[in-house]
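Got your viewer open? Here is a short tour, stop by stop, with something to select at each one.

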Amino acid sequence: MSGMMEAASSSSADVALPKSLTDFIFDLYDSVITAQLMDEQVPLYETTFRDLSSKYFTHQAWPLPQSVAAECNGDPLFLALYREMTHRHWHQVVLTRPTLRDRMEGFHVYRELFDEILEVVADSGEEDANFFLLPAWVFDIFHEFGYQFQGYCQVRSAVYASARKHGLVTVDPQQPGKYTLSGTAAAAVAAASTNNNNASSVSGGNATGGTNTNTTTNTPSSNLLENLILLENNLEAWDVEIVFQYLHRFAELGFSTTTTSKKVPPVYQYLSMFALITKSRLDCLLGDFTGCIQALTPLSVHGSTVISSNGMTVTETIQSVTAAHISLAYHVGVSLLLLRRYKDARQVLNDICATLLRTLKNTPQQQQQQQQQQRHNKQQQQHAQQNSQQAQNEQYYKQLERMLSLLALIQIVLFGSNGNTNNNTSNSKSTSTNNNESMDDAVWRALKDKHGTRLDAVGASAAASVHNTLNTPSSALAYEEWFASPKFVTTDPTVSSFHRQQIVQAFLVRELEPTATHRALRSYLQLYTTLPVTKLSLFYYYDTSSSNKTDKTKDMIPLLLSYKLRHYQLERTVSTTTTTTTSTLSGAATAAMTASAPSSSLFQSYDPVVDSAAVQWNDALPAHFYMIRNVLYMDEDATEKKKTQQRLWYEKYFITRLEQNVQLLQNVAQNPKAIDPSDFL
């Protein structure tokens with residue numbers, strides 16, 4: 001293990017372990033390997049481990065695995081689980097700035113654990129399990145695994161960025177992802193690789209790969225060179241292919257891809273579902289937003305499968321682990337937003353925000369007041385448990401605020417005023433079940449409390465931008481401030497993670513730039529049922545400071561086409577009124593998606609299978625229109641079949657013409673002289 005952790009653990013290994021500690025390890029081993037009972041394991045993992053950590057190990061690591069081997073008969077699987085659990089505590093509680101070596105050590109900890117689990121699975125068979133783990137425990141393992149991979153990618157990109165700055169690494173622009181070491185760096189790496197004691201002689205630099213403050217900016221520090229040597233000699237550490245290989249192998253354990261029914265142990269199902277959630281999260285962080293959604297296909301297909309250990313379905317099990325539910329919905333919501341599936345993103349984020357608000361019940365301000373009162377009223381022995389619960393609630397509130405910010409951004413894109421289109425005021429129930437058409441009342445109130453001022457300013461800012469050259473950005477429409485995204489990473493050492501973050505933000509801003517002009521355009525379209533384009537251009541480009549009423553119809557048509565195209569998006573459509581469905585998913589997926597029970601609504605807002613018939617191209621906005629001979633016809637009543645078919649025909653015609661235009665331009669570029677006049681007809 002890392003030098004700091006070994007030193008901290010050696011002091012506790014030199015003395016006899018407290019009886020409460022040995023009893024805990026023995027009981028935990030019994031619940032994992034022998035008894036395999038959830039009721040026994042819950043208090044041990046969720047309460048006893050936290051209490052012992054708070055009592056004995058707030059500033060030091062837990063004893064090494066060999067120090068407690070006698071309490072578990074030296075079982076290699078349990079010792080690997082114990083090592084991961086205590087290593088996770090070491091990183092989360094004790095370490096404040098992990099070194100590069102600490103992060104590499106984490107890779108070996110998880111590799112040892114995953115290899116042990118897969119070996120036990122191979123020995124015991126697919127229908128028998130020799131161990132049991134709680135759903136929350138399994139999620140904590142995979143969540144920390146993904147978190148450490150994310151942190152390592154950030155540190156690695158920082159080290160190589162510093163190395164490029166000091167001339168230790170050279171990047172070839174003609175070969176993306178390829179780099180060469182300078183003479184000094186290459187010689188140092190070669191010398192270190194031939195030294196058998198390199199692992200003990202290199203202490204590892206700081207977590208960011210920075211330079212010493214006593215050196216000049218042109219001279220690389222010893223820490224930077226040591227970190228570069230460490231990276232070059234450990235290229236396998238946190239390799240993206242190895243990481244995803246483990247996730248794929250675990251994903252295949254719990255859900256059979258064949259039609260034959262077989263008994264799957266609950267722990268295998270837990271490993272599969274949380275490995276899939278972690279894979280979905282890492283796909284989002286790496287920029288594969290379609291892969292983020294497609295990774296959840298097995299969870300959608302098997303969402304109604306009942307797990308024998310707790311009597312809950314797969315969907316209910318995920319929802320029972322609040323942190324897993326938040327991670328799943330947050331990263332899927334971000335991915336749907338960046339894929340321009342705005343309605344689906346709103347529904348996913350709306351559902352998880354409503355769940356969090358019901359769980360936390362109080363607003364952040366009320367919670368802070370209660371916490372201040374509890375600090376004065378509670379006894380000293382309860383402080384550890386209270387602080388743990390308060391820290392957990394604070395994390396939930398932070399995630400809630402991030403998702404509310406994303407919801408506010410989506411409301412701007414969808415031109416929503418209050419997000420709740422349910423006109424049945426007599427219905428006091430939540431409106432979140434109205435798929436992709438409404439927002440939960442509690443979520444809307446929280447959204448207004450947090451972002452109401454800026455949301456109210458958006459309309460005025462959009463109107464001002466229209467009459468101010470139509471392109472001038474407004475402070476209220478600074479989309480980067482609303483985009484509460486995760487920290488995107490890259491596995492390419494020649495590209496910094498910060499640069500990847502900027503690329504994603506720039507893409508989002510570019511996609512949302514026309515929002516202000518589209519909002520003003522929609523305000524005019526809603527006033528008429530038929531409207532000549534010439535008249536619309538006079539309204540839209542009206543300038544009170546000038547009496548010149550020039551005809552800008554030619555400028556108006558591209559704007560109308562942009563409005564139509566940018567709000568033509570993939571949208572999840574599920575019919576809950578019939579028992580049949582056009583989805584290509586299995587019956588279990590259909591039941592999970594169409595059931596009205598809350599336990600089955602997790603995957604109701606989106607379809608991971610992009611090619612499914614349940615995912616269709618629809619308009620994101622209720623303002624539909626088509627044009628005949630420079631006259632716009634508004635079609636607001638989408639419930640009438642005839643008008644709906646007519647609107648869809650015009651939209652299909654418009655998209656087809658765009659494709660033909662692209663093909664024509666390609667043909668002209670390839671052979672400008674050979675142009676068929678019929679192509680213009």
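Rings of Phe, Tyr and Trp (for Trp, the six-membered ring) pair if their centres lie within 6.5 Å. Keep in mind that this is a predicted model. Searching the whole structure for such contacts turns up 24 aromatic pairs.

**Stop 1: two rings on Phe145**

Select Tyr110 and Phe145. Their ring centres sit 5.6 Å apart with the planes at 55°; planes under 30 degrees apart would be stacked and over 60 edge-to-face, so this pair is tilted. Now colour the helices: Tyr110 belongs to H5 (residues 100-124) and Phe145 to H6 (residues 135-165), so to speak a link between distant parts of the chain, 35 residues apart. Both Tyr110 and Phe145 are buried.

Keep Phe145 and add Phe114. How are the rings of Phe114 and Phe145 arranged? The centres are 5.0 Å apart and the planes stand at 75°, so this pair is edge-to-face. Again helix H5 meets helix H6, with Phe114 and Phe145 31 residues apart. Phe114 has 1% relative accessibility and counts as buried, while Phe145 is buried with a relative accessible area of 2%.

**Stop 2: the wider cluster**

Now widen the selection to Phe107, Tyr110, Phe114, Phe142, Phe145, Phe149, Trp238, Tyr246 and Phe250. Together they form one aromatic cluster.

**Stop 3: a helix to check with a ruler**

Jump to H15, residues 322-338. Put a distance label between its end C-alpha atoms: they are 24 Å apart, and 24 Å is also what 17 residues should span at 1.5 Å a residue, so the two agree. Turn on a surface next, and you'll find H15 mostly covered, with 15 of its 17 residues buried. Then step to Arg340, which follows H15 and has a positive phi, near 65°.

**Stop 4: a three-stranded sheet**

Last, select strands E3 (530-532) and E6 (625-628), along with E7 (residues 631-634). They make an open sheet of 3 strands in the order E3-E7-E6, with antiparallel pairing. Which strands stand at the edges? E3 and E6 do: each has a single partner strand, so one side of each is left without a neighbour in the sheet. From one strand to the next, the twist averages 25°.

Zoom in on E6 and E7, which pair in the antiparallel sense over 4 bridges. To see one of the contacts, pick Ile628: its bridge partner in E7 is Val631.

How values were computed: Residues are numbered from 1 along each chain as its sequence is written. This is a predicted model: local features need pLDDT of at least 70, side-chain atom pairs count only at pLDDT 80 or more; totals for chains, interfaces and linings use all residues. Side-chain values use heavy atoms; hydrogens and water are left out. Helices (H or I, at least four residues) and strands (E, at least two) are DSSP runs, numbered from the N terminus. The expected span of a helix is 1.5 Å times one less than its number of residues. Buried means under 20% relative accessible area, exposed over 50%, partly exposed in between (1.4 Å probe, protein chains only). Two strands pair if DSSP finds at least two bridges between them. Axes are lines fitted to C-alpha atoms, for helices over the stretch in contact, and angles run from 0 to 180 degrees between N-to-C directions.
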